[in-house]
Amino acid sequence: MEEYDELVPDPNSVGIVDMSARGWKNPDPSVWGMGINVIKLDLSYNKIEGLSDKIANLRLLNELNLENNALADLPPAIGELRCLRVLNLNFNKLTALPEEIGQCTMIEQLLCTNNVLVKFPESVINCIALTVLNLRCNRLTSVPLELGGVDTLKSLDLSGNEGLHDQIPDYLLDDSAMCMFILQKRFEFREELSRLQQSNLILERKAREAEEVNLRIKDEYEEEMERYKDAFDKFPHDFRNCQRGCRRVCPFCTVCLCNIS
């Protein structure tokens, strides 16, 4: 326990633990031992640089406030918080969020403004209860197009991310409805393009197979014609030059009977 903290409070009657504005660089280890007794944990306005994997012990945690700290990353164990509904990461130093964040399927509000995010995990589309996603003032150059298809999402703020201009015009980044509409249409276009490319590959494969069949038939035909020519050359001259084309052969002299009838 840090020397300036005399007491780490126990969860109150409704499971709230408030440890904000204590100047901590690391949360006191006793926090992770509170386990299922913690429903809401407030660690905002500290100097926290990292979280322990033991955060997974807080399995019934509904709300986690980490606003205004010095976090550069989150542990993968954050994905174990399956009851988490509100995650506030505003004003930190995060460059990315772990893919495991998508395991928090009950999360409703994900707030991550004023960080230095350069990428955003596609797994967030698994958060089927997500209604608010705030990514304002980061360094994102792209966001998952699938976000446009998250039916529950009502508020999406991407303003202050100048690198997103290839996906969404700058003047629309603070317009939730337009952002989601554009992402949805781009996603649909990508899926349709992928479907057409797949169909094209199938057609190309079938064309190659047909070409192989044609070549095989041609080779078989040429071989058959060679055998026919060799066999034809062995017949007597009169038989080969029959004017009537009847090819009636004398059983004794093998000449065409047309020539002697």
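Buried denotes under 20% relative accessible area, exposed over 50%, and partly exposed in between (1.4 Å probe, protein chains only). The views show a predicted model, in which local features need pLDDT of at least 70, side-chain atom pairs count only at pLDDT 80 or more, and totals for chains, interfaces and linings use all residues. Residues are numbered from 1 along each chain as its sequence is written, and side-chain values use heavy atoms, with hydrogens and water left out.

**View A. Cysteines C104 and C127.** The structure contains zero disulfides, a disulfide being a pair of cysteine sulfur atoms within 2.5 Å. C104 is in none, its nearest cysteine sulfur, that of C127, lying 6.5 Å away. This separation is too far for a bond. C127 is buried at a relative accessible area of 2%, and C104 is buried at 0%.

**View B. Salt bridge between R136 and D157.** The closest approach of these side chains is 3.3 Å, N to O; a salt bridge requires a side-chain nitrogen of Lys or Arg within 4 Å of a carboxyl oxygen of Asp or Glu. The pair links distant parts of the chain, 21 residues apart: R136 lies in the loop between β6 (132-134) and β7 (155-157), and D157 in strand β7. Strands (E, at least two residues) and helices (H or I, at least four) are DSSP runs, numbered from the N terminus. R136 is partly exposed at 29%, whereas D157 is buried at 15%.

**View C. Salt bridges within helix α1.** R205 pairs with E209 at 3.2 Å; these residues are four apart in helix α1 (residues 176-233), about one helical turn. E224 and R227 form a salt bridge at 2.2 Å.
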